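Reader: I am a first-year student, and I would like a close look at how the inside of this structure is packed, taken slowly and with the terms explained.

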Amino acid sequence: MQRVIGRWLGWASGLALAALLGMVGPALAQGSGASGGVVGETHTDLGGPVPWGLGLQAAGGPVKEAIHDFNTLVLWIIVLITIFVMVLLAYVMWRYRESANPNPSRTSHNTLIEIAWTVVPVLILLIIAIPSFRLIYYEDRARDADLTINVQGRQWYWHYAYPDNGDFAFDSRPIPDEDLKPDQPRNLAVDEPLVIPVGANIRVLTTGQDVIHSFFVPSLGVQKYTIPGRTLETWFRADRPGTYYGQCNQICGTNHWFMPIMVRAVPQAEFQAWVEEAKKKYAAEGSPAETGTRIAELSR
Ligand SMILES: [Cu+2]
C-alpha cells in the first residue's frame, strides 16, 4: 500500500514539475513591435468570431497570446487530471470487483494518503496561481504606453477620445442591418471604429457615463468595466493590421446589443493621416474628460 502511494506521489510531482517548466517558458514583456509575424495559425485578418469557431479567438497581440498560453497550461492540467481520475476509477472497478475481492477491506482512514490528496491539489492550485497572477499583472497596465485612448461606455453607444492626439472625441454606433456591406459582420460593424497604430502599446482608460458597461475585444485580450465615477486602466497592442471586433459584455439595459466594438489597426503613417482628418471631423464633440468635469461641476 505504501509503495502504491509513493508511486502516486512521484507521478503527481512529475506532473507538477512538467507544468512548472511549461509556465516559466514565455516571458511577459511589453516591448513594442510585432512579436512573431502573422499571429495565429488560422491566417485570418479577422479578429472576431467565425462560423463554427472552436476555442479562443486568434490572437491579434501580446495580451491575447499570454491568455492563450495560460489557457493551454490550464487545459493540459485539466486533461491530465481527468485521465488520471478515469484510469484510477477503471482500475478500482476492475481490481476490487466482488468476484476478485470477496472480502473487502474495512480500512476507513489512512494518514499518508489523506495528506497526499490534500497536498497534491494544493500544489496544483499553486502551479495555476503563479502564472495566473502574472497574467493579471501583465494585463493590468501599460508600463510604457505609446498612446492613451479614453473609452466611455454610454447607454447605448461608445464614446472614444484621443487626449494625446489633439483631444478629439467621437461616438461609435452599429450599422443597421439594411445598410450592411458584404464584408461587414452583423451586430459587430460600426460607423466610426476605434483606430489604432499597429505595434503601439495602447493605454486604455475606461469610464462609464450612466451604468456599468464593459469594453471587451477578445482577439486583443482586452476586457475592462466602464464604471460611472471611476477610471480604470488596461492596455493592449495589435501586432498586425486588421479589424478586431468586440462588444459591450456587461448587460447594461435594453439596447445592450447596440454597443459593438470595432478596432481598426493601421500602419503608423495611416494612423497619423486619420488623426488629422479626425481632428477636423470631430472638432465639435466633447471629450470624456470634459464631460466628466461637467458632471463634477453639476453635482457640486
Ligand atoms: Cu453596455
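Author: What follows goes from the core to a pair of helices. The model is predicted, so local features need pLDDT of at least 70 and side-chain atom pairs pLDDT 80 or more, while totals for chains, interfaces and linings use all residues. Numbering starts from 1 along each chain as its sequence is written.

The largest nonpolar core (buried Ala, Val, Leu, Ile, Met, Phe, Trp, Tyr and Cys joined through C-beta atoms within 7 Å; buried means 20 or more other C-beta atoms within 10 Å) has 38 residues, of which Val-204, Leu-220, Ile-261 and Val-263 touch the most other members. Strand S3 (residues 157–162; strands are DSSP E runs of at least two) gives the most to this core, 5 residues, and at least three residues come from each of domain 1 (2–26 + 54–100 + 110–140) and domain 2 (147–299), with bounds from an automatic or database assignment. Leaving aside residues up to four places away in sequence, Ile-261 touches Trp-158, Leu-194, Phe-215, Val-217, Tyr-245, Gly-246 and Gln-247, contact meaning C-beta atoms within 7 Å.

Turning to the helices (DSSP H or I runs of at least four residues), the axes of H2 (residues 62–95) and H3 (residues 111–140), lines fitted to C-alpha atoms, come within 10 Å and cross at roughly 170°. H2 is therefore roughly antiparallel to H3, a term for angles over 145 degrees. Among the residues that meet are Phe-70 and Leu-73 in H2 and Ile-128 and Leu-135 in H3.

Note on methods
Axes are lines fitted to C-alpha atoms, for helices over the stretch in contact, and angles run from 0 to 180 degrees between N-to-C directions. Angles under 35 degrees count as roughly parallel, over 145 as roughly antiparallel, 65 to 115 as roughly perpendicular and the rest as oblique. Two residues are in contact if their C-beta atoms, placed from the backbone, lie within 7 Å. A residue is buried if 20 or more other C-beta atoms lie within 10 Å of its own, exposed if 12 or fewer, and partly exposed in between; C-beta atoms are placed from the backbone.
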